[in-house]
Amino acid sequence: IWSATVVAGRGNPGEVLDCTAEGIRVAAGDGALLLTRVQLPGGRRIAATELAKTHAIGPATLFVSDSK
């Protein structure tokens, strides 16, 4: 995540709440984050809206960490 804003929202941490023209809103421990710029491993920085379109991300998608 390269750019995000704290916003209102409720859900399980990592759960996509919605995708709008502004970005991807993801539930966090307390509230939510509106992701606006992201980068996948080995990729370039892109707008979160581009990620949502190219990877079929929508409500109820769950982001999880693969870090150990």
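Strands, as the term is used here, are DSSP runs of E with at least two residues, numbered from the N terminus. The exercises below concern a predicted model.

**Exercise 1. Place L33 in the structure and describe the surface patch to which it belongs.**

Step 1. L33 sits in strand 4, which runs over 32–39.

Step 2. The relative accessibility of L33 is 30%. Partly exposed is the class between under 20% (buried) and over 50% (exposed), so L33 counts as partly exposed.

Step 3. Together with I1 and V6, L33 makes up a nonpolar patch on the surface. The accessible area of I1, V6 and L33 together is about 310 Å².

**Exercise 2. Describe the largest pocket by its volume, its lining and the elements that contribute to it.**

Step 1. The space in the largest pocket comes to about 430 Å³.

Step 2. Its lining consists of 17 residues. Those nearest the centre of the pocket are I1, Q39, L40, F63 and V64.

Step 3. Two elements give two or more residues to this lining: strand 3 (23–27) and strand 4 (32–39). Strand 4 gives the most, with 4 residues.

Step 4. By residue class, the lining has 13 nonpolar, 3 polar and 1 charged.

Step 5. I1 links this exercise to the previous one: I1 is among the residues nearest the pocket centre, and I1 is also part of the nonpolar surface patch.

**Exercise 3. Find the salt bridges and classify the exposure of each partner.**

Step 1. The structure contains 2 salt bridges.

Step 2. One joins the side chains of R25 and D18, with an N to O distance of 2.9 Å. R25 has a relative accessible area of 23% and is therefore partly exposed. D18, at 22%, is partly exposed.

Step 3. Another joins E50 and R44, whose closest N and O atoms are 3.3 Å apart. E50 is partly exposed at 32% relative accessibility, whereas R44 has a relative accessible area of 56% and so is exposed.

**Exercise 4. Examine the positive phi values of A56 and A60, and say whether each residue is buried or exposed.**

Step 1. Phi of A56 is positive, about 50°, although A56 is not a glycine. A56 belongs to the segment after helix 1 (48–54).

Step 2. A60 is found in the segment after helix 1. Its phi is near 80°, again a positive value in a residue other than glycine.

Step 3. Exposed means over 50% relative accessible area. A56 has 72% relative accessibility, so A56 counts as exposed. A60, with a relative accessible area of 57%, is exposed.

Note on methods. Residues numbered from 1 in each chain as written. Predicted model: local features only at pLDDT ≥ 70, side-chain atom pairs only at ≥ 80, totals over all residues. Heavy atoms only, no water. 1 Å grid on protein atoms, 1.4 Å probe; cavity = no way out; pocket = protein on both sides within 12 Å on 5 of 7 lines; lining within 4 Å. Points joined across faces, edges and corners; volume = space filled by probe spheres on them. Nonpolar A, V, L, I, M, F, W, Y, C, P; charged D, E, K, R; others polar. Patch = residues over 30% accessible without salt bridge, like charges linked within 9 Å, V, L, I, M, F, W, Y side chains within 5 Å. Areas by Shrake-Rupley, 256 points an atom, 1.4 Å probe, with all protein chains shown as cover. Salt bridge = Lys/Arg side-chain N within 4 Å of Asp/Glu carboxyl O. Buried < 20%, exposed > 50% of the residue type's maximum accessible area, 1.4 Å probe, protein only.
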